[in-house]
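Me: I should like to learn how the features of a protein model are read. Could you guide me through one?

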Amino acid sequence: MSDRGRFLPLGAAALALALVPLFGPPSYVMHMAVQILLWSFIYTAWSIMGRFGLVSLGHGAFLGIGMYVPALLWNLYGVTPWLGIPLGVLLAVLSALVIGWPCFRLKVVGHYFALVTLALTEVARLSIIAARDITGGSLGMTPKPVPGGHSWWALQFVDKAYFFWIGLGLWLFGLWAWRAVDRSMRNPALEAIAEDETAAAAIGIGVTRLKLEVTLISAALTALGGAAMGQYLQYLNPETHAGIGISLQIVFAAIAGGMYAMLGPTVGAVLTLVLTEALRIAFGTTLIGAANTIYGVLLILFIIFMPRGIVGLIEERLRARGAKA
Amino acid sequence: MLEVTGLSKSFGGFLAVSQVSFALARGEILGLIGPNGSGKSTTFNLIAGTYPPSEGRILFEGHDIGGLGADRICHLGIGRTFQIPRPFRKLSLCDNVAVAAYYGRNQAIAREEARAEARRVLALVGLPSDQDAMADGLGAAGLKKLELARALATQPKLLLADESLGGLDAGEMDQAAELLRRIRGEMGITIIWVEHIMGVLMKVVDRVIVLDHGEKIAEGKPAEVARDPRVIEVYLGSAGHG
């Protein structure tokens with residue numbers, strides 16, 4: 001199928017989606033929709049590198065940095081998020097560089113790379129907690145609200161429709177970035193690196209440079225997603241937005257949806273959010289912990305029996321049917 | 001074109017290559033032979049930049065390339081194949097070679113041009129170039145050809161061909177030897193050829209270097225080297241028993 005043929009339905013779907021807020025759906029539906037869009041963007045950002053065997057558990061750090069930098073600058077100095085967000089993204093990219101460059105130079109790969117990045121996540125979480133005078137520590141923080149609650153300058157909106165459109169734009173931007181990697185020679189080059197770094201270097205591929213490039217792209221997008229999430233939630237917490245927990249959440253959701261397919265992470269976001277909500281509503285305040293346990297068991301089953309995720313499985317089935325026909 | 005002086009490499013306490021020196025002229029085919037573990041592949045890996053030498057100098061067209069990264073050395077014009085083929089199994093044959101054409105050359109080329117080059121080189125070595133052909137369908141001979149195609153796609157001035165004939169039958173060997181001769185003749189690529197099997201190699205190369213235990217023990221025309229008593233002892237002797 002041509003690129004245009006593939007993107008036409010997606011463009012139409014995006015346009016239809018953009019019209020949804022105009023029909024005034026219930027606030028709860030809008031809340032779920034915004035979360036799905038923003039998490040889809042973040043999971044897509046992770047998978048842009050994760051699909052090449054670069055499994056990072058450090059994305060909690062990038063998310064947290066992207067979230068806290070604009071909020072802190074706003075609260076402490078009144079700096080608009082329009083400036084704070086790029087600075088947060090920049091800081092996330094720098095920390096990705098500090099972790100990525102030595103890892104890739106020294107050929108730290110696979111599980112070891114995951115562990116190093118895990119340390120980064122914890123450093124970010126603990127730093128936020130340690131700076132409790134300005135960040136509120138484990139209690140979290142709230143960006144100072146503007147009077148009336150609606151301001152483009154502060155990027156704060158009462159009407160969820162604004163965040164829906166921002167989320168939609170970011171999500172499409174994430175898919176575009178994915179395609180941009182695929183349309184260049186980077187995709188086969190990164191596949192080659194994932195399979196055999198020595199052989200890749202022997203045919204002239206700058207292994208360190210290419211891995212670093214895709215890592216920085218992924219970190220930047222994740223930080224951007226974190227910033228949008230912070231502006232939307234108006235509440236930042238190091239435990240839920242910067243630690244191991246969020247890093248694992250990203251990895252699980254991306255794997256469950258299918259990190260090798262462009263829409264896999266999006267499916268992962270829908271699945272995990274709907275599942276979380278369904279379990280929360282089903283169990284309410286009875287049987288505390290049951291919801292989390294079921295959630296965890298389901299994810300483990302997914303990863304064991306569908307390593308390529310839901311979208312990967314569907315693709316496989318379609319291909320098998322196509323081969324038979 | 002290539003000048004290697006006092007090249008040594010040790011892994012921990014083990015001296016894999018010791019004080020090896022040789023020179024190579026443009027357009028030559030040089031054979032590098034020796035029994036298993038004699039340091040042939042290590043010498044290749046040092047020239048190709050897979051790891052840095054412990055001692056010694058490698059001059060390629062006047063550049064000191066000792067210790068440069070493998071990707072840089074590839075850009076300078078040295079292509080190599082691996083003794084055990086290392087195909088990228090998740091990529092099509094065409095993409096295997098196209099990434100080499102795209103990233104391996106000294107000057108940038110467009111994506112479509114890289115794909116076209118890949119198809120051209122695949123046809124040259126005799127492999128299918130359609131988009132669906134994968135490495136999984138290839139046997140030993142096919143994988144060796146893929147190694148060669150990837151190396152050629154980077155437009156090398158010097159080709160390091162590592163044991164390119166291991167695991168092939170007699171007919172395939174002659175074909176492969178003929179291909180190397182054509183690569184030198186038609187494309188003007190200088191070749192160093194590492195090989196276990198002396199027979200075919202001796203018919204093609206201009207000059208031979210014999211390694212044993214990491215040291216150079218003989219150098220010269222194939223016919224002279226084959227008469228050298230030390231070579232007969234360490235190489236042909238052992239091969240005769242094996």
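The dialogue below takes up the overall fold, the contact between two chains, and two single residues.

Me: What should I know before I begin?

Reply: This is a predicted model, in which local features need pLDDT of at least 70 and side-chain atom pairs count only at pLDDT 80 or more, while totals for chains, interfaces and linings use all residues. Residues are numbered from 1 along each chain as its sequence is written, chains are lettered from A and ligands numbered from 1 in the order in which they are written, and side-chain values use heavy atoms, with hydrogens and water left out.

Me: How many helices and strands are there in chain A?

Reply: Helices (H or I, at least four residues) and strands (E, at least two) are DSSP runs, numbered from the N terminus. Chain A has 15 helices and 0 strands.

Me: What radius of gyration does chain A have, and what would a compact globule have?

Reply: The radius is taken over C-alpha atoms, and the globule rule is 2.2 Å times the number of residues to the power 0.38. For 325 residues the rule gives a value near 20 Å, and chain A agrees, with 20 Å. Its C-alpha atoms fill a box of roughly 60 × 45 × 45 Å along the principal axes.

Me: How many residues of chain A are in contact with chain B?

Reply: Contact means heavy atoms within 4.5 Å. By this rule, 20 residues of chain A meet 26 residues of chain B.

Me: How is the size of an interface expressed?

Reply: It is often given as the accessible area lost when the parts come together. Here the buried area (accessible area lost, 1.4 Å probe, summed over both parts) is about 1900 Å², and carbon and sulfur atoms give 69% of it. On the side of chain A, the residues losing the most area are A:Met185, A:Glu195 and A:Ile203, together 37% of what that side buries.

Me: Is A:Ala261 buried or exposed?

Reply: Buried means under 20% relative accessible area, exposed over 50%, and partly exposed in between (1.4 Å probe, protein chains only). A:Ala261 is buried, because its relative accessible area is 6%. This residue lies in the loop between α12 (244–257) and α13 (264–283). Not counting residues up to four places away in sequence, A:Ala261 touches A:Trp178, A:Val311 and A:Glu315.

Me: Where is B:Ile183 found?

Reply: B:Ile183 belongs to helix α6 (residues 170–187) of chain B. With a relative accessible area of 1%, B:Ile183 is buried. Beyond its neighbours within four places in sequence, its contacts include B:Leu148, B:Leu152 and B:Leu159. B:Ile183 and B:Leu159 are 24 residues apart in sequence and 9.3 Å apart in space, C-alpha to C-alpha.

Conventions: Buried area is the accessible area (1.4 Å probe) that two parts lose on being put together, summed over both.
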